Structure formats: C-alpha cells, structure tokens
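Here is a short report on a single protein chain. Look over its fold before reading on.

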Amino acid sequence: VMAINLKGPFFLTQRVARAMVRGQSEGQAAAGQQSIINISSLSAYAPATNRGDYCISKAGMRMMTQLWALRLADHGIRVYEVCPG
C-alpha cells in the first residue's frame with residue numbers, strides 16, 4: 001500500500017517536477033502555467049482502524065503534496081491535492 005499510494009506518486013512527482021523546471025529554463029513553458037495534481041482520499045484526514053495502512057499512506061501523500069507545493073512555488077509550479085470521499 002505504501003509503495004503504490006506514497007512512493008509511486010513521490011517519485012513520479014519528482015520526475016515530472018524536474019522536467020517542468022527544465023522545460024521552463026528551455027523556454028517550453030511559462031512559470032505559473034504548470035500544475036501537479038495528486039489524488040488522495042478523505043482517509044488522509046479521517047482515520048479508519050480497519051484501514052490503518054491506507055490512511056497512513058494518504059496522510060503521507062497530504063504532507064508530500066504540501067512539501068512539493070512549497071518546494072516548487074519558486075518555479076511557479078502549483079501542486080494540488082484532491083481528496084474525494
């Protein structure tokens with residue numbers, strides 16, 4: 001669960017962010033026109049004892065999204081989290 005819900009999105013975001021920043025320096029995209037959207041879950045906020053690993057992975061994604069948003073703000077790349085549920 002952690003590999004799919006947290007590690008996968010982390011490394012994918014890392015790779016996409018590098019490409020976006022590199023693209024800006026090469027003039028392919030303007031700052032402020034790029035976004036990364038992570039799909040999380042209400043379980044990031046509302047614990048369920050029978051789905052602890054899932055809730056922890058989604059809470060981790062929530063923090064990951066906040067960290068990427070701060071890290072990429074200087075490049076004008078917006079990072080969002082959508083939490084259906």
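The text below covers the overall fold, the helix pair, and then three single residues.

**Overall fold**

This is a predicted model. The protein chain has 2 helices and 2 strands. Along the sequence they come in the order α-β-α-β. Helix α1 covers residues 2–25 and helix α2 covers residues 52–72. Strand β1 runs over 34–39, and strand β2 over 77–82.

The C-alpha atoms fill a box of roughly 50 × 20 × 15 Å along the principal axes. Of the 85 residues in the chain, 29% are buried. Contacts between residues at least 6 apart in sequence were also sorted by separation: 64% of them join residues at least 24 apart.

**The helix pair**

Two packed helices are described by the angle between their axes and the distance between the axes. Here α1 and α2 pack at an angle of about 15 degrees, and their axes lie 8 Å apart. Angles under 35 degrees count as roughly parallel, so α1 is roughly parallel to α2. The crossing of α1 past α2 is right-handed.

Which residues of each helix make this contact? On the α1 side they are Met2, Asn5, Leu6, Pro9, Phe10, Thr13, Gln14, Ala17 and Val21. On the α2 side they are Asp53, Tyr54, Ile56, Ser57, Lys58, Gly60, Met61, Met64, Trp68 and Leu72. Sorted by class, the contact of α1 with α2 holds 12 nonpolar, 5 polar and 2 charged residues.

**Helix α2**

Does the length of α2 agree or disagree with its residue count? The helix has 21 residues, and at 1.5 Å a residue they should span 30 Å. The end C-alpha atoms of α2 are 30 Å apart, so the two values agree.

The buried residues of α2 are Cys55, Ser57, Lys58, Gly60, Met61, Met64, Thr65, Trp68 and Leu72. Their cover includes α1, β1 and β2. Several of these names, including Ser57, Lys58 and Met61, also appear in the α2 side of the helix contact.

**Three residues**

Asn5 is found in helix α1. Is Asn5 buried or exposed? Its relative accessible area is 14%. Buried means under 20%, so Asn5 is buried. Leaving out residues up to four places away in sequence, Asn5 touches Tyr54, Ser57, Lys58 and Met61. Those four partners also belong to the α2 side of the helix contact.

Tyr45 sits in the loop between β1 and α2. Its relative accessibility is 44%, so Tyr45 counts as partly exposed. Not counting residues up to four places away in sequence, Tyr45 touches Arg62, Glu81 and Cys83. Glu81 falls within the range of β2, 77–82.

Ala19 is in helix α1. At 38% relative accessibility, Ala19 counts as partly exposed.

For each of these residues, one C-alpha separation is listed here.

| Pair | Apart along the chain | C-alpha separation |
|---|---|---|
| Asn5 and Leu67 | 62 residues | 16 Å |
| Tyr45 and Lys58 | 13 residues | 8.4 Å |
| Ala19 and Gly85 | 66 residues | 31 Å |

**In brief**

The chain follows the pattern α-β-α-β. Its two helices pack with their axes 8 Å apart. Asn5 of α1 is one of the residues that make the contact with α2.

Technical notes. Residues are numbered from 1 along each chain as its sequence is written. This is a predicted model: local features need pLDDT of at least 70, side-chain atom pairs count only at pLDDT 80 or more; totals for chains, interfaces and linings use all residues. Side-chain values use heavy atoms; hydrogens and water are left out. Axes are lines fitted to C-alpha atoms, for helices over the stretch in contact, and angles run from 0 to 180 degrees between N-to-C directions. Angles under 35 degrees count as roughly parallel, over 145 as roughly antiparallel, 65 to 115 as roughly perpendicular and the rest as oblique. A crossing is left-handed if the near helix is turned anticlockwise from the far one by less than a right angle, and right-handed if clockwise. Contact means heavy atoms within 4.5 Å. Ala, Val, Leu, Ile, Met, Phe, Trp, Tyr, Cys and Pro count as nonpolar, Asp, Glu, Lys and Arg as charged, and the others, Gly among them, as polar. The expected span of a helix is 1.5 Å times one less than its number of residues. Buried means under 20% relative accessible area, exposed over 50%, partly exposed in between (1.4 Å probe, protein chains only).
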